[in-house]
Amino acid sequence: MCAQNITNITYDDLLKGNEKFVTDSLAVDPDFFSNLAKGQNPPVLWIGCADSRVPANQITNTKPGEIFVHRNIANMVIHTDMNMLSVLDYAVNVLKVHHVIVTGHYGCGGVIAAMTNNEFGLIDNWLRHIKDVYRLHADELNDIADEKDRQNRLVELNVIENVYNLCKTTIVQNAWASGQKLGVHGWVYSIETGIITDMKVSTYNSSNMEDVFKFK
Ligand code: CO
């Protein structure tokens, strides 16, 4: 958990930036804000890392109104997290999104921290869930000699396990049972290249789920 690449942006810069955002947006489309104010109908829920370098809209070239976003440290889907569950429930049952995408990123500080034996404080309780992912895949991970490669593989496996965690929720299973069109996907973003890699674990029903997690 380290702070690198600190920018010298100031508090006042943010408000000046907002003025420029308003001016620029209205120059392109005078109805930009009045149209957005009518409501939202995003087709996608994004569950991403809180990392400042992985903003959902910019890296997918999308605009306000196009992605419903939930972010936390290391893009976790933890089944007791009321914040995540509330966002998921609203996105699936009210907004009727067609896709939920868990997006991790290589070099994730949360994942790297979870691989150490260092104590960081309260966050250790959050990182514990990543250690559980490590334990599930310890044989594969321990065979990777290079530390950075091992970290990056855990980033990928953490995304995949959190896609499975989404599928296990009653929210997603009930949507599928009622015939709602809903895909759950896992992506990993490279901060070094800007490129997103699809983990190819897209799931559209509960047929491949381990039996114990299925609700009939
Ligand atoms: Co991260």
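Q: Why does Glu192 count as exposed?
A: In this predicted model, Glu192 has a relative accessibility of 68%. Exposed means over 50%. The value is over the cut-off, so Glu192 counts as exposed.

Q: What makes Lys148 and Glu192 a salt bridge?
A: Their side chains meet at 3.1 Å, N to O. The limit is 4 Å between a side-chain nitrogen of Lys or Arg and a carboxyl oxygen of Asp or Glu. The pair is within that limit, so the name fits.

Q: Which parts of the chain does the pair of Lys148 and Glu192 tie together?
A: Lys148 lies in helix 8. Glu192 lies in the loop between strand 4 (183-189) and strand 5 (196-198). These parts are 44 residues apart in sequence.

Q: Why is Lys148 called partly exposed?
A: Its relative accessible area is 44%. Buried means under 20%, and exposed means over 50%. Lys148 falls in between, so it is partly exposed.

Q: How do you know that Arg153 and Glu140 form a salt bridge?
A: The closest N and O atoms of Arg153 and Glu140 are 2.4 Å apart. The cut-off is 4 Å, so the pair qualifies. Arg153 lies in helix 8 (residues 147-168) and Glu140 in helix 7 (residues 138-142), so the bridge ties together parts 13 residues apart in sequence.

Q: Are Arg153 and Glu140 buried or partly exposed?
A: Arg153 is at 23% relative accessibility and counts as partly exposed. Glu140 is at 34% and also counts as partly exposed. Salt bridges that share partners join Glu140, Arg153 and Glu156 into one network.

Q: What makes Asp132 and Arg128 a salt bridge?
A: Their closest N and O atoms are 3.6 Å apart. That is within 4 Å, so the pair passes. Both residues lie in helix 6 (residues 124-136), four residues apart, about one turn of the helix.

Q: Why are Asp132 and Arg128 called partly exposed?
A: Asp132 has a relative accessible area of 25%. Arg128 is at 48%. Partly exposed lies between 20% and 50%, so both get that label.

Q: How many salt bridges does a search of the whole structure find?
A: It finds eight.

Q: What makes Cys49, His105 and Cys108 the protein donors of the cobalt ion?
A: The atoms concerned are SG of Cys49, NE2 of His105 and SG of Cys108. They lie 2.0 to 2.3 Å from the ion. Donors are N, O or S atoms within 2.8 Å of this metal, so these atoms qualify.

Q: How are the donor residues of the cobalt ion spaced in sequence?
A: The spacing is C-x55-H-x2-C. Cys49 and Cys108 link distant parts of the chain, 59 residues apart. Cys49 is in strand 1 (residues 44-49). Cys108 is in the loop between strand 3 (99-105) and helix 5 (109-114). Both cysteines are buried.

Q: Why is Leu14 called exposed?
A: Leu14 is at 52% relative accessibility. The cut-off is over 50%, so Leu14 counts as exposed. Leu14 is found in helix 1 (residues 11-28). With Ile9, Tyr11 and Leu15, Leu14 makes a nonpolar surface patch of about 480 Å².

Q: Why is Gln151 called buried?
A: Gln151 has a relative accessible area of 14%. Buried means under 20%, so the label holds. Gln151 is in helix 8. Leaving aside neighbours within four places in sequence, Gln151 is in contact with Val111, Ile112 and Met115.

Q: How do you know that Ala74 is buried?
A: Ala74 is at 0% relative accessibility. That is under 20%, so Ala74 counts as buried. Ala74 sits in the loop between strand 2 (67-72) and helix 4 (82-94).

Q: What is the phi of Ala74, and what is that of Lys96?
A: Phi of Ala74 is near 70°. Lys96 has a positive phi of about 55°. Most residues other than glycine have a negative phi. Lys96 is found in the loop between helix 4 and strand 3. At 45% relative accessibility, Lys96 counts as partly exposed.

Q: Which residues touch the most other members of the largest nonpolar core?
A: They are Leu45, Leu88, Val100, Ile130, Leu166 and Leu182, out of 48 residues. Helix 8 gives the largest share of this core, eight residues.

Note on methods:
Residues are numbered from 1 along each chain as its sequence is written. This is a predicted model: local features need pLDDT of at least 70, side-chain atom pairs count only at pLDDT 80 or more; totals for chains, interfaces and linings use all residues. Side-chain values use heavy atoms; hydrogens and water are left out. Donors are N, O and S atoms within 2.8 Å of the metal (3.2 Å for Na, K and Ca); water is not among the atoms, so sites may look incomplete. Helices (H or I, at least four residues) and strands (E, at least two) are DSSP runs, numbered from the N terminus. Buried means under 20% relative accessible area, exposed over 50%, partly exposed in between (1.4 Å probe, protein chains only). Patches are made of residues with over 30% relative accessible area and no salt bridge: like charges are joined within 9 Å, nonpolar side chains (Val, Leu, Ile, Met, Phe, Trp, Tyr) within 5 Å. Accessible areas come from the Shrake-Rupley method with a 1.4 Å probe; for residues, only the protein chains shown count as cover. A nonpolar core is a set of buried Ala, Val, Leu, Ile, Met, Phe, Trp, Tyr and Cys residues joined through side-chain atoms within 4.5 Å. Contact means heavy atoms within 4.5 Å.
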